[in-house]
Amino acid sequence: MNAAAANSAPTNLALDVEAVRRDFPILSREVYGKPLVYLDSAASAQKPRQVIDAESRVYEEEYANVHRGVHYLSQVATDKFEATRTRIQQFLNAASENEIVFVRGGTEGVNLVAQTWGRQELNEGDEILISTLEHHANIVPWHLLAAEKGLVVKGIPIHDDGQIDMDAYRSLLNERTKLVALTQMSNALGIITPAQEMIRLAHDAGARVMLDGCQAVSHSAVDVQALDCDFYVFSGHKIYGPTGIGALYGKAELLEAMPPWQGGGEMIARVSLEKSTFKKAPHRFEAGTPAIAQTIALKTALDYVSNLSLDRIAEHEAMLLSYATERLQAMGGITIYGTHSAKAGIVSFAMDGVHPHDIGTIVDRDGVAVRVGHHCAQPVMQRYDIAATVRASFALYNTTEEVDAMIASLERVRELFA
Ligand code: PMP
C-alpha cells in the first residue's frame with residue numbers, strides 16, 4: 001500500500017464503521033483465502049444481522065398468509081406487513097400510505113406504471129423523455145409501450161462530465177411530452193441528477209415524471225412531496241433489505257385513476273362468473289400472495305439506515321468516494337467516467353490497455369468484488385463509446401482500507417499487463 005495515501009485517509013469518521021461491519025455477517029468471510037472486499041453494493045447491498053433475523057423470525061414465529069385469515073397468526077402477519085407500508089410512507093415522506101404499492105423491485109414498479117398509467121393515458125405521437133443515464137429498467141418498459149401505442153421515446157443527452165444537459169432537456173420538452181423517466185442517481189456513473197428542477201420543468205410542460213430511486217434511496221434522504229415526482233420506485237435489496245420486495249410510490253389521484261395490472265386474489269372487491277370489480281389503490285395493484293417475510297424485514301432495513309442516519313451514511317460514502325477518486329487519479333492511466341461533482345457512492349473507471357473484464361477477474365482473486373460491464377446502462381456506454389467500465393460502489397460498511405486493497409490489487413493488474 002502507498003503509505004502517503006494511506007496516511008491521508010480521514011480517520012475521524014462520524015459513522016462507527018467497525019460497529020456497523022459487525023452487523024453484517026458476510027463481511028467477515030474470506031474469498032480465495034483473502035478477506036472479502038465488497039465493492040458491489042450498487043448491484044445489491046449486503047444484509048445486516050437485524051434484517052436476516054427479522055426475516056427468519058417471521059418464519060419461526062409470525063408466519064401466515066396476509067389479508068386473508070381471521071386467525072391470530074394471519075392478523076399478526078398482516079399487521080406487520082402493513083406496518084412496512086406505513087414505514088415506507090414515512091421513509092419517502094409520502095402523503096398517505098395508500099400511495100405505496102408493494103412491488104418486487106424497481107423493475108416491476110416501472111413496468112407497472114408503463115402497463116397501467118402509460119397504457120391508459122398515452123396515445124400515438126405522445127413523447128416520453130428518458131435520460132442517457134437510465135438503467136435499462138427505466139428504458140425498456142417505455143420502449144415496449146411505445147411499440148404498442150406508437151409513442152416517441154427521446155433521449156436527454158448528458159455532458160462529458162456525466163451530468164444532464166439541461167439546455168438540451170429544456171429544448172426537448174414540448175406540449176407532446178407526456179412523461180419524463182429519470183433516474184435520481186446513475187447506477188453506472190454515480191451522478192446525481194438535478195431531479196427537483198427537472199420535475200418542475202416537466203410539470204411546467206404538462207408532463208408527468210417517473211423517478212427511479214433504486215440507487216439514490218440508500219445514499220440520501222428522499223422526500224417525494226418536496227421533489228413533487230408523480231411516481232417513484234426503489235428496490236429493497238439495494239437498501240440492505242431482502243430481495244423480492246420494493247415499492248412504487250404514486251400520487252394518490254394518479255394511482256386511483258389507474259386500471260389494475262395483474263388480476264387475481266386480493267386485488268378484487270367482488271367477483272362473479274361474468275365480472276370482477278376491484279379494490280382501491282394500492283391493493284388493486286397487489287394480486288396474489290406477496291413476499292410476506294421479505295416485506296416485513298424491509299421495515300427492519302429502513303429502520304436500520306434511519307437509526308444510523310442517512311446524513312451520516314451520505315457523509316461517510318462521500319469521504320470514501322473522494323478518497324477512492326484521489327487514489328485512482330494518483331495511479332495514472334485511469335479514466336474516470338462521470339466527473340461532475342454531484343455524485344454519490346460510485347466510481348466507474350477504465351485502465352489504459354486492460355479490458356475491464358480482465359480487471360474484474362484479477363482483482364476478484366484478491367477478494368475484491370467490483371462490477372465490470374455495461375451495468376445495464378448501455379446508452380451510457382454508447383455516449384462514451386466504450387463497451388464496459390469497472391465500477392466500485394460504496395456502502396455504509398466500506399472502509400478506506402478496502403479502497404486501499406482495491407488500489408493495491410489494481411497495481412498488480414497494471415504490473416501483469418505492463
Ligand atoms: N434502476 C437503477 C438505477 C438500478 O440501479 C437498478 C438495479 N441495478 C434498477 C433500476 C433495477 O432494480 P431491480 O433489479 O432491483 O428491479
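**Figure 1. Helices H3 and H11 of this predicted model are roughly antiparallel to each other**. The model is predicted, not experimental. H3 covers residues 49–62 and H11 covers residues 292–308. Their axes lie 8 Å apart. The packing angle is about 150°. Angles over 145 degrees count as roughly antiparallel, so the pair earns that label. H3 passes H11 in a right-handed crossing. From H3, the contact draws on Gln-50, Val-51, Ala-54, Glu-55, Val-58 and Tyr-59. From H11, Ala-293, Gln-294, Ile-296, Ala-297, Thr-300, Ala-301 and Tyr-304 take part. By class, this H3 and H11 contact holds nine nonpolar residues, three polar and one charged.

**Figure 2. Domain 1 and domain 2 share a buried interface**. The domain assignment places residues 3–48 and 309–413 in domain 1. Domain 2 is assigned residues 52–306. The domain centres, taken over C-alpha atoms, are separated by 28 Å. Domain 1 gives 41 residues to the contact, and domain 2 gives 35. About 3,100 Å² is buried between the two domains. Carbon and sulfur atoms supply 57% of that area.

**Figure 3. Helices H5 and H6 run roughly parallel to each other**. H5 spans residues 106–121, and H6 spans residues 140–149. The two helices pack at about 25°, with axes 9 Å apart. Angles under 35 degrees count as roughly parallel, which is why H5 and H6 are described that way. Their crossing is right-handed. On the H5 side, the contact residues are Val-110, Asn-111, Val-113, Ala-114, Gln-115, Gly-118 and Arg-119. They meet Pro-141, Trp-142, Leu-145, Glu-148 and Lys-149 of H6. The residues of this H5 and H6 contact divide into six nonpolar, three polar and three charged.

**Figure 4. Helix H13 crosses helix H15 at roughly 120°**. H13 is made of residues 356–365, and H15 of residues 400–416. Their axes come within 9 Å. The angle makes H13 oblique to H15. H13 passes H15 in a right-handed crossing. Ile-359, Ile-362 and Val-363 are the H13 residues in this contact. Ser-409, Leu-410, Val-413 and Leu-416 face them from H15. Six of the contact residues are nonpolar, one is polar and none is charged.

**Figure 5. A cis peptide bond links Ala-281 to Pro-282**. Omega for this bond is near 5°. Pro-282 sits in the loop between strand E12 and helix H11. Strand E12 comprises residues 276–278. Helix H11, which follows that loop, is also the partner of H3 in Figure 1.

**Figure 6. Tyr-240 has a positive phi**. The value is about 70°, although Tyr-240 is not a glycine. Tyr-240 belongs to the loop between strands E9 and E10. E9 covers residues 231–235, and E10 covers residues 246–250.

Conventions:
Residues are numbered from 1 along each chain as its sequence is written. This is a predicted model: local features need pLDDT of at least 70, side-chain atom pairs count only at pLDDT 80 or more; totals for chains, interfaces and linings use all residues. Side-chain values use heavy atoms; hydrogens and water are left out. Axes are lines fitted to C-alpha atoms, for helices over the stretch in contact, and angles run from 0 to 180 degrees between N-to-C directions. Helices (H or I, at least four residues) and strands (E, at least two) are DSSP runs, numbered from the N terminus. Angles under 35 degrees count as roughly parallel, over 145 as roughly antiparallel, 65 to 115 as roughly perpendicular and the rest as oblique. A crossing is left-handed if the near helix is turned anticlockwise from the far one by less than a right angle, and right-handed if clockwise. Contact means heavy atoms within 4.5 Å. Ala, Val, Leu, Ile, Met, Phe, Trp, Tyr, Cys and Pro count as nonpolar, Asp, Glu, Lys and Arg as charged, and the others, Gly among them, as polar. Domain bounds come from an automatic or database domain assignment. Buried area is the accessible area (1.4 Å probe) that two parts lose on being put together, summed over both.
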